[in-house]
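User: I keep meeting structural terms without knowing what stands behind them. Could you take me through some of them on a real example?

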Amino acid sequence: MTQEVRGVVAPGRNEPVRIETIVVPDPGPGEAVVRVQACGVCHTDLHYKQGAINDDFPFLLGHEAAGIVEEVGEGVTDVAPGDFVILNWRAVCGQCRACLRGRPWYCFNTHNASRKMTLADGTELSPALGIGAFAEKTLVAAGQCTKVDPSVRPAVAGLLGCGVMAGIGAAINTGNVGRGDTVAVIGCGGVGDAAIAGSRLAGAARIIAVDIDPRKLETARKMGATHTVNSRETDAVEAIRELTGGFGADVVIEAVGRPETYKQAFYARDLAGTVVLVGVPTPDMKLELPLLDVFGRGGSLKSSWYGDCLPSRDFPMLIDLHLQGRLDLESFVTETIALDEVEKAFERMHGGDVLRSVVVF
């Protein structure tokens, strides 16, 4: 039978979010209803609210979540009621050309629930990234549920559902950071700090954090940065070169998503080095680089989607590392808030005052 719960809805472009009654249907074949325990306030949710993703309003926001499987539909075997899961927006299909070539982290046909959650009046909702977890319960494809060790705190576990995984994966999976490498991370918000933590985990010898906010640079040091550069006060490219013997970094991770900072990343890498773009640009942004420089410097220019992660592989591994004390996920949680504080959390995010606000149910 359908259930009515509370959820955070973005009714229209740039309008304040509001608490609404959400109707959650029974799970269909291959689907699951999850009782949400915690959900991080991610910048992507703000993009949805601003209409920067698409115009399929109203949106049910929230996607960086963890909770308990409450009910599953026909044919679901990987998870069962009572399982503690992290929700993910890459439910690989196993049949597209990427999956068949053994690269499921590039899956082109990820699954979402086919049944629709609605408002009380029947208006269909568009769940953010196919999840919609700023709600007491949500309906997802069962493949979007990744079972992990239930001893981890939900407010921490859910962060792997998006931002923290994107940053760690940008370093480890996309950038292939290895022992002894030099790494520069441009932009030290939540994703950038996660890239720093991932680089540290991978054994990088030197990790250079670049930002214009001294507060963020201080946090970056706590996450594992060995050096910091305030790019408001000094030229970031020259500073990175100076810190790497004049050569540039082996891997530069751009976690801002702007042409200006991407150019900094491009010129701050060593010859044959790697640039990883994990910051999300807007549709109007353009990049201009001399083609001769692209050719002459060699190396790789990569984009990182969701940290090129495979949730079934990466989520349990990172949770285990956290429980072993080798990956401090707790440091990413700045505050825990109630469901009706999401609008204020967006304001704090915009001001750079938090790494993550997390809604706890």
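Analyst: Happily; here are your questions, each answered with a value and a definition. This is a predicted model, in which local features need pLDDT of at least 70, side-chain atom pairs count only at pLDDT 80 or more, and totals for chains, interfaces and linings use all residues. Residues are numbered from 1 along each chain as its sequence is written, and side-chain values use heavy atoms, with hydrogens and water left out.

User: How do you know that β11 and β12 pair?

Analyst: Strands (E, at least two residues) and helices (H or I, at least four) are DSSP runs, numbered from the N terminus. Two strands pair if DSSP finds at least two bridges between them. Strand β11 (residues 182-186) and strand β12 (residues 206-211) have 5 bridges, in the parallel sense, so they pass that test. One of the bridges links T182 with R206 of β12. In general, strands of a sheet pair through backbone hydrogen bonds.

User: What makes β13 and β16 edge strands?

Analyst: The open sheet has 6 strands in the order β13-β12-β11-β14-β15-β16, with parallel pairing. Its edge strands, β13 (227-230) and β16 (300-303), each pair on one side only. On average, neighbouring strands here are turned by 15° against each other, direction ignored. For such angles, axes are lines fitted to C-alpha atoms (for helices over the stretch in contact), and angles run from 0 to 180 degrees between N-to-C directions.

User: Why are α1 and α11 called roughly perpendicular?

Analyst: Angles under 35 degrees count as roughly parallel, over 145 as roughly antiparallel, 65 to 115 as roughly perpendicular and the rest as oblique. Helix α1 (residues 43-50) and helix α11 (residues 342-350) pack at about 110°, with axes 11 Å apart, and are therefore roughly perpendicular. Their contact (heavy atoms within 4.5 Å) is made by H43, D45, L46 and K49 of α1 with E343, F346 and M349 of α11.

User: Which angle puts α4 and α10 in the roughly perpendicular class?

Analyst: The angle between α4 and α10 is about 100°, with the axes 12 Å apart, and the two helices are therefore roughly perpendicular as well. In this contact, M165, I168 and N173 of α4 meet R313, D314, F315 and L318 of α10. By class there are 4 nonpolar, 1 polar and 2 charged residues. Ala, Val, Leu, Ile, Met, Phe, Trp, Tyr, Cys and Pro count as nonpolar, Asp, Glu, Lys and Arg as charged, and the others, Gly among them, as polar.

User: What makes an empty space a cavity or a pocket?

Analyst: On a 1 Å grid over the protein atoms alone, a cavity is a set of points where a 1.4 Å probe fits but cannot get out, while a pocket is an open set with protein on both sides within 12 Å along at least five of seven lines; lining residues have an atom within 4 Å of a point. Grid points are joined across faces, edges and corners, and a volume is the space filled by probe spheres set on the points. The whole structure has 1 cavity of 30 Å³ or more. The largest cavity holds about 30 Å³, and its lining includes E64, L159 and R356. Both α4 (163-174) and α5 (190-202) supply at least two residues of that lining.

User: How many residues line the second largest pocket?

Analyst: There are 21, of which D78, V92, A142, G143 and C145 lie nearest its centre. This pocket has about 430 Å³ of space, and its lining divides into 10 nonpolar, 8 polar and 3 charged residues.
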